[in-house]
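Please read the following briefing alongside the sequence and the coordinates. It is arranged by topic, beginning with a local backbone contact and ending with the chain as a whole.

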Amino acid sequence: MLCGACSSKPQVVTVTDTVYVLPPEYLLEPCTKNPAPKKGTNKDLVKYILGLQADFDLCNKKLKVLHEYYKTTSNNR
């Protein structure tokens, strides 16, 4: 005699386990602002402005990487 429950094909059960992964730490560090010179020459002011531009560019690069990270992780959901 055959058992009806045993003779059928096994049922496949898929279990989804959501794992949230944070972006790398260096992307979450706050952007720093160099203090403005109290006194100095025009040359000092130009150096300060160039430093601010470099800091601004670095922050934008970090944001771009965060946006790319978000796109790749949100596509995997």
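**Briefing on polar and charged side chains**

In this predicted model, a polar atom of the T41 side chain lies 3.3 Å from the backbone nitrogen of K43. T41 itself belongs to the loop between α2 (25-28) and α3, and with a relative accessible area of 49% it is partly exposed. The points below turn to the charged side chains of helix α3 and then to the totals for the chain.

**The salt bridge**

- A search of the whole structure finds one salt bridge, and the partners are K71 and E68, whose side chains meet at 3.7 Å, taken from N to O.
- K71 and E68 are three residues apart in helix α3, so about one helical turn separates them.
- Both partners are partly exposed, since the relative accessible area is 47% for K71 and the relative accessibility is 41% for E68.
- As a general point, side chains of opposite charge can pair when their charged atoms come close.

**The buried lysine**

- K62 lies in helix α3, which spans residues 42-75, and K62 is buried although it has no salt bridge.
- Which side chain of opposite charge is nearest to K62, and how far away is it? It is that of E29, at 4.4 Å, and because a salt bridge requires a side-chain nitrogen of Lys or Arg within 4 Å of a carboxyl oxygen of Asp or Glu, this pair is not counted as one.
- The side chain of K62 does, however, reach the backbone oxygen of E29, at a distance of 3.1 Å.
- When residues up to four places away in sequence are left out, K62 touches Y26, L27 and E29, so that E29 appears both among these contacts and as the residue whose backbone oxygen the K62 side chain reaches.

**The chain as a whole**

- The secondary structure comes to three helices and zero strands, and along the sequence these follow the pattern α-α-α.
- Of the 77 residues in the chain, 6% count as buried, and K62 is one of the buried residues.
- The accessible surface of the chain comes to about 7,700 Å², and carbon and sulfur atoms account for 61% of that area.

Key. Residues numbered from 1 in each chain as written. Predicted model: local features only at pLDDT ≥ 70, side-chain atom pairs only at ≥ 80, totals over all residues. Heavy atoms only, no water. Helix = DSSP H or I, 4+ residues; strand = E, 2+ residues; numbered from the N terminus. Buried < 20%, exposed > 50% of the residue type's maximum accessible area, 1.4 Å probe, protein only. Lys, Arg positive; Asp, Glu negative; His and termini not counted. Polar contact = N/O pair within 3.5 Å; in protein donor to acceptor, adjacent residues only side chain to side chain. Contact = heavy atoms within 4.5 Å. Areas by Shrake-Rupley, 256 points an atom, 1.4 Å probe, with all protein chains shown as cover.
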